[in-house]
Amino acid sequence: MAGAFSRILSARRSVGILSLVGAGSLTAGYLLARERRVGAAANVRRLYPASAEYPDLRKHNNCMASHLTPAVYARLCDKATPNGFTLDQAIQTGVDNPGHPFIKTVGMVAGDEESYEVFADLFDPVIKERHNGYDSRSMTHPTDLDASKIRSGVFDERYVLSSRVRTGRSIRGLSLPPACTRAERREVERVVVDALGGLRGELTGRYYSLTQMTEQEQQQLIDDHFLFDKPVSPLLTCAGMARDWPDARGIWHNNQKTFLIWINEEDHTRVISMEKGGNMKRVFERFCKGLKEVEKLIVEKGWEFMWNEHLGYVLTCPSNLGTGLRAGVHIKLPLMSKDPRFPKILDNLRLQKRGTGGVDTAAVGSTFDISNLDRLGQSEVQLVQTVIDGVNYLIECEKRLEKGQDIRVPPPISQFK
Amino acid sequence: MPFGNTHNQLKMNYSAEQEFPDLSKHNNHMAKVLTPDMYAGLRDKQTPSGFTLDDVIQTGVDNPGHPFIMTVGCVAGDEETYDVFKDLLDPVIEDRHGGYKPTDKHKTDLNSDNLQGGDDLDPNYVLSSRVRTGRSIRGFCLPPHCSRGERRGIENLSIEALSSLDGDLKGKYYALRNMTDEEQQQLIDDHFLFDKPVSPLLLASGMARDWPDARGIWHNDNKTFLVWVNEEDHLRVISMQKGGNMREVFTRFCEGLTKIEGLFKEKGHEFMWNEHLGYVLTCPSNLGTGLRAGVHVKLPNLSKHESFGEVLKRLRLQKRGTGGVDTAAVGGVFDISNADRLGFSEVELVQMVVDGVQLLVDMEKRLEGGQSISDLMPEQK
């Protein structure tokens, strides 16, 4: 007994060692992008065998727990990305949070772009489960931000109170929120705020840093429902995304308050286009225009977004891969919501309901947040069209129920068009 | 918390200035001590198990302050942390522990015979008495840093040692993971069950990872001696009972601790201890004795008196609500305990509590009778 432990006492655990992603200078972003080695994995030495470290997932119900077998764990537990992100770090949130009352959570996060490659043995099956069979090895993801393709898209405002489209974007070469150092996070802020300063016309706006905002500014942002708080959801805090709060976090929005960007919350950036009422088409037009403008501005400075043809836009949570897009409305459906066929109808329309407080809330009264279920395998245009068609259908159903007529459960629409 | 690239060498690609945390709104011991120069000098260091400066300070960066107490704002990931990062931790320890110098020696005294009195605190006022401390098992990483394998190793060793206790100390272990609903309810009713930490001070340091894996509670059949496994420290050892017989509580405490230490030694393990810091625990505030001896005591009149704070200060006592460190008092009932941990022995600290609480109760009785307490005002200890 003493022998085993003195071995352990004298062992030295070395933390993963990494490639240096370009020394010092951060003003030229291209250095970071070009010199990064993709796929190279450092090794992490352990004191205990994998079997002693394997998490107890017997009471767990999330995608990570469904796919992390002892064999997969043993194969991956000694690996690290070039930046030093490890498997244990990736899965910590799923170990700490066995399940969620409303949705089957993913249970793992990426610390950097390379995580998806180094830990592919676990990410791939998780992605497949979460994204309805999408095979990231063989399939390609279509990106389409041409808003002119949208048909219809202006809803009846007796039902639809507001329309919103959001996505996220990550800056290639910088680690993601679970892993980033303070300097990296500040660099994300600098790069993005710099780019946003170049927006013009209806997109002209300003940045409010969380650390420097005045009381008045804070109150205004709260009143506008723009201010994001330090995350309280354990899904996020257990993944380390709230470290150093509120350092390098902030909110940018245009003067009209219809285009909004969150910096360094759950992703490097969350981009949101929204307005009261039912003009989803205009919301999406602004969304696409804004995204393209921002991309152009960062590229001018030598940066780019994390993107590849299999996973689309790369974000922190595997659930947001592909488009990272959630297009939704706040809609009043008092009769539909009481109809027992409501969940099935939503399901067949590839829609999801949430409370109007966001993902961790339940609906209040009969006003729902209705949005697309899917993120990966279909383009932005396809997903927004799906939401538009689905919401129109729900409104039709509500009107029929109002008149005492019956409604029909539509056939399921196909995925991966 | 061993998260993020501050836990490895990636951060060295950025200058110390770029990485230095913004502590401008902070009020904790770490923030008061950590200068940019100190940060630059320490940030490329790590302990043999890989704990870095950023790991040490993460909780203090994430938690600028606390409404009731001046928090420490840093934690240790292993025994070596206190050595590798002494440039930061020595001044923090000095500030927190009343001027304790890096050259000072700490005295350990767990002989309860050395305590005078303490068996007759008035139970009409003193509702319960309790002594707690912590112990760390040498060779293992501490809760902010330990892996699942290590934490389970600590649990196994603890169960083995505790299962050998007999007589008044004979008891049973309840793993948090396997507890039945009935067992859980009983432990809640006994006020023994500890929850997954909710305090951001603890969460930010990574102590709650993998909850409730390898966490559990052991207690003796008489429900007067209790050990928490893998909560904020490897072991938290608690002796408690209703009423005012602190002497009995402390005697059981010393006997139990000594026995447990002996049992660990038989298996080739010792507790983390050295002659400068005494018992080594996760939070620098618990170094030395790690001991908090306290009572729940009714002081409705005294607590409203303008001198209450000053009296406590002079007696080297601290008040808390009866819900623990992050709570306020309810209904005039306070948790009164020693403010010090390091630089005084266990016997000395319990003596201060016994003598101090005796005085507080005397003052309360005076005030009840409408009399003055000015002649009872103590000297500064």
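# A tour of salt bridges and the contact between chains A and B

Begin in this predicted model by selecting A:R137 and A:D124, whose side chains form a salt bridge in which the closest N and O atoms are 2.7 Å apart. The two residues belong to distant parts of the chain, 13 residues apart: A:R137 sits in the loop between α8 (120-130) and β3 (160-169) of chain A, while A:D124 is in helix α8 of chain A. If the display is coloured by accessibility, A:R137 should appear as partly exposed, with a relative accessible area of 47%, whereas A:D124 is buried, at 15%.

Next, select A:R206 and A:E217, which form a salt bridge with 3.0 Å between the closest N and O atoms. This pair also links distant parts of the chain, for A:R206 lies in strand β4 (residues 205-209) of chain A and A:E217 in helix α10 of chain A, eleven residues apart. A:R206 counts as partly exposed because its relative accessibility is 39%, and the partly exposed range runs between 20% and 50%.

Stay with A:E217 and show the whole of its helix, α10, which covers residues 215-223 of chain A. The side chain of A:E217 also reaches the backbone nitrogen of A:T214, at 2.9 Å. Once neighbours within four places in sequence are left aside, the residues in contact with A:E217 are A:R206, A:Y208 and A:Q212.

Before leaving chain A, select A:E202, A:E275, A:R282, A:R286 and A:K289 together, since what is to be seen there is a network of salt bridges that links these residues. Over all chains, the structure holds 57 salt bridges.

Now move to chain B and select B:D221 and B:K170, whose side chains meet in a salt bridge at 3.7 Å, N to O. B:D221 lies in the loop between β3 (216-220) and β4 (225-229) of chain B, and B:K170 in the loop between α7 (148-162) and β2 (171-175) of chain B, so the pair ties together parts that are 51 residues apart in sequence. B:K170 is partly exposed, with a relative accessible area of 44%.

Still in chain B, select helix α6 (residues 86-96), where the buried residues are B:L88, B:L89, B:D90, B:V92 and B:I93. To see what covers these buried residues, add the surrounding helices of chain B, including α2 (29-33), α3 (36-42), α4 (53-62) and α5 (81-84). The helix α6(B) is followed by B:G98, a residue whose phi is positive, near 55°.

Finally, show both chains and select the residues in contact between them, 54 from chain A and 47 from chain B. The area buried between chain A and chain B is about 4100 Å², and carbon and sulfur atoms give 47% of this area. Three salt bridges are found across the interface, and one to display is that between the side chains of A:D88 and B:R148, at 2.7 Å, N to O. The interface also has 21 residue pairs in polar contact, with both residues at pLDDT 80 or more.

On the side of chain A that touches chain B, the helices α1 (2-10), α3 (50-53), α6 (87-96) and α9 (182-196) each supply at least two residues. The largest share, six residues, comes from α6(A). Colouring this side of chain A by residue class divides its residues into 26 nonpolar, 13 polar and 15 charged.

Key: Residues are numbered from 1 along each chain as its sequence is written. Chains are lettered from A and ligands numbered from 1 in the order in which they are written. This is a predicted model: local features need pLDDT of at least 70, side-chain atom pairs count only at pLDDT 80 or more; totals for chains, interfaces and linings use all residues. Side-chain values use heavy atoms; hydrogens and water are left out. Contact means heavy atoms within 4.5 Å. Buried area is the accessible area (1.4 Å probe) that two parts lose on being put together, summed over both. A salt bridge is a side-chain nitrogen of Lys or Arg within 4 Å of a carboxyl oxygen of Asp or Glu. A polar contact is a pair of N or O atoms within 3.5 Å; within protein, one must be able to donate a hydrogen and the other to accept it, and residues adjacent in sequence count only if both atoms are side-chain atoms. Helices (H or I, at least four residues) and strands (E, at least two) are DSSP runs, numbered from the N terminus. Ala, Val, Leu, Ile, Met, Phe, Trp, Tyr, Cys and Pro count as nonpolar, Asp, Glu, Lys and Arg as charged, and the others, Gly among them, as polar. Buried means under 20% relative accessible area, exposed over 50%, partly exposed in between (1.4 Å probe, protein chains only).
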